[in-house]
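Thanks for coming. I'll take you through one model this morning, starting with how its parts are named and then going residue by residue.

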Amino acid sequence: MSAIKKAKSFKKSKPGTYLSIGSALFGAVGVAKQVKKARSENDKLQLVDAVVSAAAIVTTVALLVRELKRMGDDDVLAD
């Protein structure tokens, strides 16, 4: 199996999905810093950018959690 195929199969595995969730949540730290900076500078445009970024993170995590649930539904022994 080539390295590319291994990477793609890892990305669609449970550990890969958990890693993706962790990465997305780690991005929330940067967004929190951006919000703090925008508020201290009273920069509304930067604050809007931070809010949109936060919404993207929330959506990404929700999609990944849904994918984890689907992986669990495929498990025949889970019933």
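Helices here are DSSP runs of at least four residues, numbered from the N terminus. By that count, Met71 sits in helix 3, which covers residues 44-73.

Before I go further: this is a predicted model. The mean pLDDT of the protein chain is 85, and 77% of its residues reach 70 or more. Confidence varies by element: helix 1, residues 3-11, has the lowest mean pLDDT at 61, and helix 2 has the highest at 94. Where pLDDT is low, the predicted coordinates should not be read in detail. I will therefore leave helix 1 at that, given its mean pLDDT of 61.

Now the overall layout. The protein chain has three helices and zero strands, and the pattern along the sequence is α-α-α. Of the 79 residues, 19% are buried. The accessible surface comes to about 6,300 Å², and carbon and sulfur atoms account for 64% of it. If you take contacts between residues at least 6 apart in sequence, 54% of them join residues at least 24 apart.

Back to Met71. Is Met71 buried or exposed? The cut-off for buried is under 20% relative accessible area, and Met71 has 15%, so it counts as buried. What does Met71 touch, once residues up to four places away in sequence are set aside? The list is Lys12, Ser13, Lys14 and Thr17. Take Ser13 from that list: Met71 and Ser13 are 58 residues apart in sequence, yet their C-alpha atoms are 8.3 Å apart in space.

Met71 also belongs to the largest nonpolar core, which has nine residues: Ile21, Ala24, Val31, Ala50, Ile57, Val61, Leu64, Leu68 and Met71. Helix 2, residues 14-41, and helix 3 each supply at least two of them. Helix 3 gives the most, with six residues.

Next, helix 2. With 28 residues at 1.5 Å a residue, helix 2 should span 40 Å, and its end C-alpha atoms are 41 Å apart, which agrees. At the start of helix 2, a side-chain oxygen of Ser13 comes within 3.2 Å of the backbone nitrogen of Gly16. The buried residues of helix 2 are Gly16, Thr17, Ile21, Ala24, Val31, Gln34 and Ala38.

One of those is a glutamine, so let me stay with Gln34. Gln34 has a relative accessible area of 18%, and the cut-off is under 20%, so Gln34 is buried. What does the side chain of Gln34 make a polar contact with? The partner is the side chain of Asp49, at 2.7 Å. Leaving out neighbours within four places in sequence, Gln34 is in contact with Gln46, Asp49, Ala50 and Ser53. Ala50 is also one of the nine core residues I listed.

Last, the loop between helix 2 and helix 3, where Asn42 is found. Asn42 comes just after helix 2 and takes a positive phi of about 55°, although Asn42 is not a glycine. Is Asn42 buried or exposed? The cut-off for exposed is over 50%, and Asn42 has a relative accessible area of 63%, so Asn42 is exposed.

To recap: Met71 and Gln34 are both buried, Met71 at 15% and Gln34 at 18%, whereas Asn42 is exposed at 63%. That's all I have.

Key:
Residues numbered from 1 in each chain as written. Predicted model: local features only at pLDDT ≥ 70, side-chain atom pairs only at ≥ 80, totals over all residues. Heavy atoms only, no water. Helix = DSSP H or I, 4+ residues; strand = E, 2+ residues; numbered from the N terminus. Buried < 20%, exposed > 50% of the residue type's maximum accessible area, 1.4 Å probe, protein only. Core = buried A, V, L, I, M, F, W, Y, C linked by side-chain atoms within 4.5 Å. Contact = heavy atoms within 4.5 Å. Areas by Shrake-Rupley, 256 points an atom, 1.4 Å probe, with all protein chains shown as cover. Expected span 1.5 Å × (residues − 1). Polar contact = N/O pair within 3.5 Å; in protein donor to acceptor, adjacent residues only side chain to side chain. pLDDT = per-residue confidence, 0-100.
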